[in-house]
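Grab a pencil and work through these short exercises with the model open beside you. Each task comes with a solution that goes step by step.

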Amino acid sequence: MAAHPPPLDQVATPAGTPVALRAVTKAFGDHVVLDHLDLDVAAGEKLVIIGPSGSGKTTILRVLMTLERPDSGTVRVGDEYLYHEMAADDSLRPATERHTRRVRQKIGMVFQHFNLFPHKTARDNVTLAPRRVKGLSKDEANQRATELLERVGLGDRLDAYPAQLSGGQQQRVAIARALAMEPEVMLFDEVTSALDPELVGEVLNVLRGLADTSMTMLIVTHEMGFARSSADRVVMFDGGRVVEQGKPDEVLRNPSEARTQAFLHAVLEH
């Protein structure tokens with residue numbers, strides 16, 4: 001469990017903030033990957049996180065998905081803590097697993113690798129969690145899956161199995177699957193990195209479409225063109241800390257920090 005939660009007056013967040021991390025620390029042995037991180041994500045904000053491999057940016061998403069538990073600090077999703085609960089005296093206490101699982105359902109995530117069930121069709125991959133977790137009927141789940149697969153451009157591949165789909169199509173099914181749970185916040189972790197170059201565009205087009213909605217999104221990516229065109233804010237991450245942040249044009253075209261300049265030079269020359 002995350003230890004020693006700070007007093008409430010130290011973790012106050014603006015009203016209506018979908019995601020708020022306060023003094024979040026995570027280490028693997030002697031390697032600190034999140035170093036007393038403070039980060040807020042506003043409602044409807046498209047936050048793009050950039051940084052070198054090993055900087056801790058993916059760990060932020062994994063903490064939000066409860067795939068990694070922070071060593072200390074607090075994480076809020078909407079008006080609830082993820083790893084803590086309010087005690088009777090208004091202090092914070094470690095949350096039960098049941099509480100954490102329930103709050104986590106407010107968040108959806110799409111990973112680098114698609115992780116689709118190979119023996120299920122695109123539609124069945126999308127309907128599985130809504131039926132099992134949310135209790136939707138078969139008809140309700142199928143209708144939602146059909147609408148979402150059409151939304152990501154796969155209305156004609158409802159009954160295709162993953163092996164019959166390209167990598168880009170599989171990733172679009174994975175996006176539809178995450179959206180089917182109707183999350184309040186969506187996380188995307190380098191969702192184009194496992195794709196052949198010619199398939200990247202079709203997935204980025206889906207992300208651009210989502211970016212035009214009111215959905216709150218956290219996106220870890222090396223696609224600087226997407227960051228420039230679709231992000232509300234870009235955060236440069238290194239050594240478990242925020243090095244620089246601001247509007248895309250500020251951070252990507254005229255960065256003030258030497259570490260950001262060096263990273264962008266390396267990425268854009270690659």
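Buried means under 20% relative accessible area, exposed over 50%, and partly exposed in between (1.4 Å probe, protein chains only). Helices (H or I, at least four residues) and strands (E, at least two) are DSSP runs, numbered from the N terminus. This is a predicted model, where local features need pLDDT of at least 70 and side-chain atom pairs count only at pLDDT 80 or more, while totals for chains, interfaces and linings use all residues. Residues are numbered from 1 along each chain as its sequence is written, and side-chain values use heavy atoms, leaving out hydrogens and water.

**Exercise 1.** Work out whether the length of helix 6 agrees or disagrees with the 1.5 Å rule.

*Solution.* Start with the 15 residues of helix 6, 197-211. The expected span is 1.5 Å times one less than the number of residues, so helix 6 should cover 21 Å. Its end C-alpha atoms sit 22 Å apart, which agrees.

**Exercise 2.** Find which residues of helix 6 are buried, and how they are arranged around its axis.

*Solution.* First, list the buried ones: Leu199, Val200, Val203, Leu204, Val206, Leu207, Leu210 and Ala211. Next, look down the axis of helix 6: these residues fall within an arc of 155° (taken from the directions from the helix axis to the C-beta atoms), so they line one face. Then flip to the other side of helix 6, where Glu198 and Asn205 are exposed. Finally, check the cover over the buried residues, which includes strand 3 (46-50), helix 4 (138-151) and helix 7 (224-230).

**Exercise 3.** Place helix 6 in the whole chain.

*Solution.* Count nine helices and twelve strands in the protein chain. Of its 270 residues, 53% count as buried.

Methods: Contact means heavy atoms within 4.5 Å.
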